[in-house]
Amino acid sequence: MTNFIFAPQAIAGLPIVGTDSQFPVRRIYCVGRNYAAHAREMGFDPDREPPFFFCKPNDDKSVVPVPPGVTATVPYPAQTSNYHHEIELVVAIGKGGSNIALEDAPSHIFGYGVGLDMTRRDLQMRMREQGRPWEIGKAFDYSAPIGALTPIAASGEITTGAIVLEVDGKVVQTSDLTHLIWSVNEVIANLSTLFELQPGDIIMTGTPEGVGAVTSGQTMEARIAGLTPITVAVQ
């Protein structure tokens, strides 16, 4: 047994539909600008350039598991006045590999869920303008609420379906998974050329148009057809 000088930070576990077992989160990879309309609203030309990736922390303070039927709470983060919601399809990896062939990608998927890539937009934009990394805008405490995972064995491969986010009952983001620039299988194949994927990895596949600010006291409801929705309140 390793003799650590202090207790390591606990990893996060995500609920799984139909079981009391949890999915241990190893890494969180995020895909940037993977819906054309969102790329445009962020000021970019949505050409089908190779996908790019960034990461969020995987510890149990950054990941916010949202069990079915529960309203999770997240604090309004420090050092921002422009705290944005981004609903995303979450893909959980159940089998690892490198250089995964496109046609083999589904066999590496454990399941799917609904997630929010919460963003300190003003800090992200400031870093972008200065040509610096985005971490302070994307990788902060409570930045990744994620709901219960539906195993692919139960859902089948998910390639279509409505993706919707409401804030205080008003629809603010709405699209369909068919509008992904890079499909889930293409993302897995591409990402696996850069990193050896492992069981426990999470991929947040990008957000559609309509991103915007939320403030303390507001509640977000995120849903994707066929998956367990999540509700998250901002304190």
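**Questions about a predicted model**

Biologist: Leaving aside its neighbours within four places in sequence, which residues is Thr119 in contact with?
Modeller: This is a predicted model, and in it Thr119 belongs to strand β10, residues 119-120. Setting aside neighbours within four places in sequence, Thr119 is in contact with Asn82, Tyr83, His84, Glu86, Gln124, Gly137, Lys138 and Phe140.

Biologist: Is Thr119 buried or exposed?
Modeller: Buried means under 20% relative accessible area. Thr119 has a relative accessibility of 0%, so Thr119 counts as buried.

Biologist: Which side chain does the side chain of Thr119 join in a polar contact of 2.9 Å?
Modeller: The side chain of Thr119 has a polar atom 3.0 Å from the backbone oxygen of Asp117, but that partner is a backbone atom. The side-chain partner, at 2.9 Å, is Lys138.

Biologist: Over the face of which residue does Lys56 lie?
Modeller: Look for the ring whose centre is 5.7 Å from Lys56. That ring belongs to Phe140.

Biologist: The structure holds six aromatic pairs, so is the pair of Phe52 and Trp134 stacked or edge-to-face?
Modeller: The two ring centres are 5.7 Å apart, with the planes at 85°. Planes over 60 degrees apart count as edge-to-face. The pair is therefore edge-to-face.

Biologist: How many residues apart in sequence are the parts that this pair of Phe52 and Trp134 ties together?
Modeller: Phe52 sits in strand β4, while Trp134 is in the loop between α2 (121-129) and α3 (135-138). Phe52 is partly exposed at 24% relative accessible area, whereas Trp134 counts as buried at 18%. Their pair ties together parts whose separation in sequence is 82 residues.

Biologist: Which residue joins Phe52 and Trp134 in one aromatic cluster?
Modeller: Phe52 and Trp134 form one aromatic cluster with another residue. That other member is Phe54.

Biologist: Which strands do the buried residues of helix α5 pack against?
Modeller: Helix α5 covers residues 184-194, and its buried residues include Val184, Val187, Ile188 and Leu191. An α-helix has 3.6 residues a turn, so residues three or four places apart point the same way. The buried residues of α5 pack against β3, β4, β8, β9 and β15.

Biologist: Which are the edge strands of the open sheet of five strands?
Modeller: The strand order is β6-β18-β17-β13-β14, with mixed pairing. The twist averages 20° from one strand to the next. An edge strand pairs on one side only, and here those strands are β6 and β14.

Biologist: In β18, which residue is the bridge partner of Ala222?
Modeller: Strands β17 (219-224) and β18 (230-234) run antiparallel and are joined by four bridges. For Ala222, the bridge partner in β18 is Ile230.

Note on methods
Residues are numbered from 1 along each chain as its sequence is written. This is a predicted model: local features need pLDDT of at least 70, side-chain atom pairs count only at pLDDT 80 or more; totals for chains, interfaces and linings use all residues. Side-chain values use heavy atoms; hydrogens and water are left out. Buried means under 20% relative accessible area, exposed over 50%, partly exposed in between (1.4 Å probe, protein chains only). Helices (H or I, at least four residues) and strands (E, at least two) are DSSP runs, numbered from the N terminus. Contact means heavy atoms within 4.5 Å. Rings of Phe, Tyr and Trp (its six-membered ring) pair if their centres lie within 6.5 Å; planes under 30 degrees apart count as stacked, over 60 as edge-to-face and the rest as tilted. A charge sits over a ring if NZ of Lys or CZ of Arg is within 6 Å of the ring centre and within 35 degrees of the ring normal. Two strands pair if DSSP finds at least two bridges between them. Axes are lines fitted to C-alpha atoms, for helices over the stretch in contact, and angles run from 0 to 180 degrees between N-to-C directions. A polar contact is a pair of N or O atoms within 3.5 Å; within protein, one must be able to donate a hydrogen and the other to accept it, and residues adjacent in sequence count only if both atoms are side-chain atoms.
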